[in-house]
Amino acid sequence: MARPATMFYWRGRGYATDTGGRRTLLVKGPRTKSNRELALRRLAQLLEYQPRQFSRNGNLTMSEVIDRFLDTCHARIRMGEMKKSTLASFYRPYLELLRKAFGTCRVRGLSDHIIRKYRQQLVESGLRQNTVKNHLGALRTCLRWALKTGLIGGPLPDIPCLPRRRRETLPTLEEISRLLDAARPDVRDVLETLLNIAVRPGDCFALRRNWVDLDNNLLRLEDSKTGPRLVCLVPQAAQILARRLCACANPNDFVFTTVRGRPWDLRYFGEQVR
């Protein structure tokens with residue numbers, strides 16, 4: 001007997017559902033009451049999602065494909081499969097630029113020549129190689145998703161994959177010391193924390209008071225890029241966090257906040273370092 005499309009179930013890795021004709025993992029982890037309740041909430045959010053209706057002949061424009069892809073990204077955010085920052089800082093900015101370049105173009109009309117010409121225009125405009133790579137990567141991801149879901153037919157145009165440039169120079173200990181001496185106290189705390197513990201800047205900025213376990217010298221990250229994980233604290237980082245926690249009244253307060261009380265982000269961090 002076939003399983004109902006809206007039913008969710010538990011498999012060895014966690015709770016999943018077959019809604020939409022494909023298996024979607026709702027919650028990873030053991031078969032516990034809390035995970036079951038979280039899976040039910042995410043399933044309800046998934047069932048609320050109603051995709052937009054587009055032309056039925058399959059000859060969609062790039063603007064329609066981008067709209068459908070962004071709708072799916074919002075649904076994945078509600079289900080906890082994607083972070084808001086991924087959509088806000090990567091997919092949406094580049095896809096909106098791609099919409100301006102190819103919005104009215106039919107997907108069937110995209111050719112290898114048009115893609116290479118677009119890449120050449122990006123290079124000649126003076127953009128960095130990594131920025132050009134992000135433009136093409138967003139386009140590739142969007143088209144592959146549309147092909148995988150059956151929204152468009154193949155074959156896809158050849159989108160060149162540019163090599164990402166590696167960092168050629170690293171700061172010396174003297175330069176790091178000069179940077180710390182010139183930084184304001186709050187910026188210095190962030191820089192020293194990143195220098196002394198193995199976390200990404202985004203994980204550091206998302207750090208909340210109840211994630212810091214000073215008794216065991218651990219950070220219990222619940223929402224990192226690679227999922228929940230434990231990070232060991234060295235004494236210097238523990239001292240910085242202990243001092244910062246004194247200003248946090250609520251267990252859910254962010255450890256590092258701006259002068260307006262908002263959590264740090266990569267843009268604010270770059271501005272302060274510059």
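A disulfide is counted here as a pair of cysteine sulfur atoms within 2.5 Å. The model is predicted, so local features need pLDDT of at least 70 and side-chain atom pairs count only at pLDDT 80 or more, while totals for chains, interfaces and linings use all residues. Residues are numbered from 1 along each chain as its sequence is written, and side-chain values use heavy atoms, with hydrogens and water left out.

**Exercise 1. Determine how many disulfides the rule gives, and state whether Cys-232 and Cys-246 are buried or exposed.**

Solution. Under the rule, the count is zero disulfides. For the second part, a residue is buried under 20% relative accessible area, exposed over 50% and partly exposed in between (1.4 Å probe, protein chains only). Cys-232 has a relative accessible area of 60% and is therefore exposed. Cys-246 is exposed as well, at 69% relative accessibility.

**Exercise 2. Describe the overall make-up of the protein chain.**

Solution. Helices (H or I, at least four residues) and strands (E, at least two) are DSSP runs, numbered from the N terminus. The protein chain has 10 helices and six strands. Of its 274 residues, 39% count as buried. A contact means heavy atoms within 4.5 Å. Among contacts between residues at least 6 apart in sequence, 50% join residues at least 24 apart.

**Exercise 3. Explain how the strands β1 and β2, and then β4, β5 and β6, are arranged.**

Solution. Two strands pair if DSSP finds at least two bridges between them. Strand β1 (residues 8–11) and strand β2 (residues 14–17) run antiparallel and are joined by four bridges. Two residues lie between β1 and β2 in the hairpin that they form, and Tyr-9 stands opposite Ala-16 in β2.

The open sheet of three strands follows the order β4-β5-β6, with antiparallel pairing. Because β4 (212–213) and β6 (229–232) are the edge strands, each with a single partner strand, one side of each is left without a neighbour in the sheet. β4 is joined to β5 (residues 218–221) by two bridges, and Asp-213 is placed opposite Leu-218 in β5. The loop between β4 and β5 holds Asp-215, which is exposed at 76% relative accessibility.

**Exercise 4. Characterise the packing of α7 with α10 and of α2 with α5.**

Solution. Axes are lines fitted to C-alpha atoms, for helices over the stretch in contact, and angles run from 0 to 180 degrees between N-to-C directions. Angles under 35 degrees count as roughly parallel, over 145 as roughly antiparallel, 65 to 115 as roughly perpendicular and the rest as oblique.

Helix α7 (residues 185–196) packs with helix α10 (residues 266–273) at about 110°, their axes being 11 Å apart. α7 is therefore roughly perpendicular to α10. The residues of this contact comprise six nonpolar, one polar and no charged. Here Ala, Val, Leu, Ile, Met, Phe, Trp, Tyr, Cys and Pro count as nonpolar, Asp, Glu, Lys and Arg as charged, and the others, Gly among them, as polar.

For α2 and helix α5 (residues 129–148), the angle is about 85° and the axes are 10 Å apart. This makes α2 roughly perpendicular to α5. The contact residues divide into nine nonpolar, two polar and one charged.

**Exercise 5. Locate Thr-61 and state whether it is buried or exposed.**

Solution. Thr-61 lies in the loop between α1 (33–48) and α2 (62–79). At 13% relative accessibility, Thr-61 is buried. Leaving out residues up to four places away in sequence, Thr-61 touches Gly-103, Thr-104, Cys-105, Arg-106 and Val-107.
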